[in-house]
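Colleague: Could you walk me through this one slowly? I am new to reading structures and would like to ask as we go.

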Amino acid sequence: MVSRLALYLLGPPQIERDGVPVKLDRRKALALLAYLAITGESHRRDSLVNLLWPEYDSTRGRAALRRTLYALNKALASDWLAVDREVIGLQPDADPSTGSGQALWVDVAQFHQHLAECEAHGHPASQVCPACVAPLTEAVGLVRGEFLSGFSLKDSFNFDDWQLLQSEMLRRELAAALERLVAWHSRQREFEPAAGYARRRLALDPLDEGAHRQLMRLYTWSGRRSSALSQYE
């Protein structure tokens with residue numbers, strides 16, 4: 001039987017194990033789990049200490065890392081971490097040939113997988129074809145808010161810098177996906193869904209004048225003149 005760990009990071013962070021919410025008492029445990037999941041790599045202990053406890057010396061930092069690993073393993077109630085004396089990562093996915101093991105699902109990875117489906121359609125990345133619509137819709141539907149919304153580490157500027165970088169990259173990718181959906185639905189004269197995606201696009205950057213103009217056009221085309229005037233104001 002496959003045990004499933006789901007990480008919802010595109011918004012306020014949530015963790016579920018086999019559909020049951022997991023509560024982590026240590027913020028550093030959540031930060032460590034998110035970092036390992038997003039990077040998809042194993043990392044040396046000293047590197048993780050520098051990320052999460054930049055002001056600690058090696059001895060104190062490694063002790064803090066051991067306590068965090070213990071708390072994380074206890075909360076997850078399984079061997080999700082691949083740990084040795086120097087390197088820490090996440091266990092590989094379940095073996096499909098046996099139907100047993102563990103499976104890690106991360107909304108960020110799923111978001112990127114949906115976007116990647118459109119790369120094989122033989123057109124520039126800025127364009128959209130009929131086959132793009134479903135994966136683009138699925139991708140933007142995964143996003144509940146900013147990456148790790150409401151979460152930060154007050155004593156780790158290195159992690160905060162990494163989190164900010166990830167958030168900015170994901171925001172740009174989301175904006176591009178929303179723009180493509182607006183373009184598609186506009187061409188189909190489906191102005192209500194186009195306006196919905198345009199509003200989400202505008203929310204990412206309320207100072208974007210082009211996004212305001214786009215939304216005004218969509219309101220006008222759909223016969224919502226008062227909404228277009230309100231948007232102009």
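Modeller: Let us begin with a rule we will need, namely that two strands count as paired if DSSP finds at least two bridges between them. Please also keep in mind that this is a predicted model.

Colleague: Okay, so how many bridges join E5 to E6, and which way do they run?

Modeller: There are three bridges between E5 and strand E6, which covers residues 87-90, and the two strands run antiparallel. Within this part of the sheet, Leu 81 stands opposite Leu 90 in E6.

Colleague: And what is the order of the strands in the sheet?

Modeller: The sheet is open and has three strands in the order E4-E6-E5, paired in antiparallel fashion. Strand E4 (43-44) and strand E5 (81-83) stand at the edges with a single partner strand each, so one side of each has no neighbour in the sheet.

Colleague: What holds strands together in a sheet, generally?

Modeller: Strands of a sheet pair through backbone hydrogen bonds, and the pairing can be either parallel or antiparallel.

Colleague: Switching topic, how many salt bridges are there?

Modeller: The count comes to seven salt bridges, where the rule asks for a side-chain nitrogen of Lys or Arg within 4 Å of a carboxyl oxygen of Asp or Glu.

Colleague: What does Arg 62 pair with?

Modeller: Arg 62 forms a salt bridge with Glu 86, and their closest N and O atoms are 2.9 Å apart. This pair links distant parts of the chain, since Arg 62 is in helix H3 while Glu 86 is in the loop between E5 and E6, 24 residues apart.

Colleague: Is Arg 62 buried or exposed?

Modeller: Arg 62 is buried, with a relative accessible area of 18%, whereas Glu 86 counts as partly exposed at 30%.

Colleague: Which residue does Glu 146 meet in a salt bridge?

Modeller: The side chain of Glu 146 meets that of Arg 171, with 2.9 Å from N to O. Glu 146 lies in the loop between helix H5 (130-141) and helix H6 (157-187) and Arg 171 lies in helix H6, so the pair ties together parts that are 25 residues apart in sequence.

Colleague: Which residues do shared partners join into one network?

Modeller: Salt bridges that share partners connect Arg 44, Asp 46, Arg 62 and Glu 86 in one network.

Colleague: Last one, which residues gather in the patch of positive charge?

Modeller: That surface patch brings together Arg 26, Arg 60, Arg 66 and Arg 67, and Arg 66 is found in helix H3, residues 58-76.

Definitions and conventions. Residues are numbered from 1 along each chain as its sequence is written. This is a predicted model: local features need pLDDT of at least 70, side-chain atom pairs count only at pLDDT 80 or more; totals for chains, interfaces and linings use all residues. Side-chain values use heavy atoms; hydrogens and water are left out. Patches are made of residues with over 30% relative accessible area and no salt bridge: like charges are joined within 9 Å, nonpolar side chains (Val, Leu, Ile, Met, Phe, Trp, Tyr) within 5 Å. Accessible areas come from the Shrake-Rupley method with a 1.4 Å probe; for residues, only the protein chains shown count as cover. Lys and Arg count as positive and Asp and Glu as negative; His and the chain ends are not counted. The place of a charge is taken as NZ of Lys, CZ of Arg, CG of Asp or CD of Glu. Helices (H or I, at least four residues) and strands (E, at least two) are DSSP runs, numbered from the N terminus. Buried means under 20% relative accessible area, exposed over 50%, partly exposed in between (1.4 Å probe, protein chains only).
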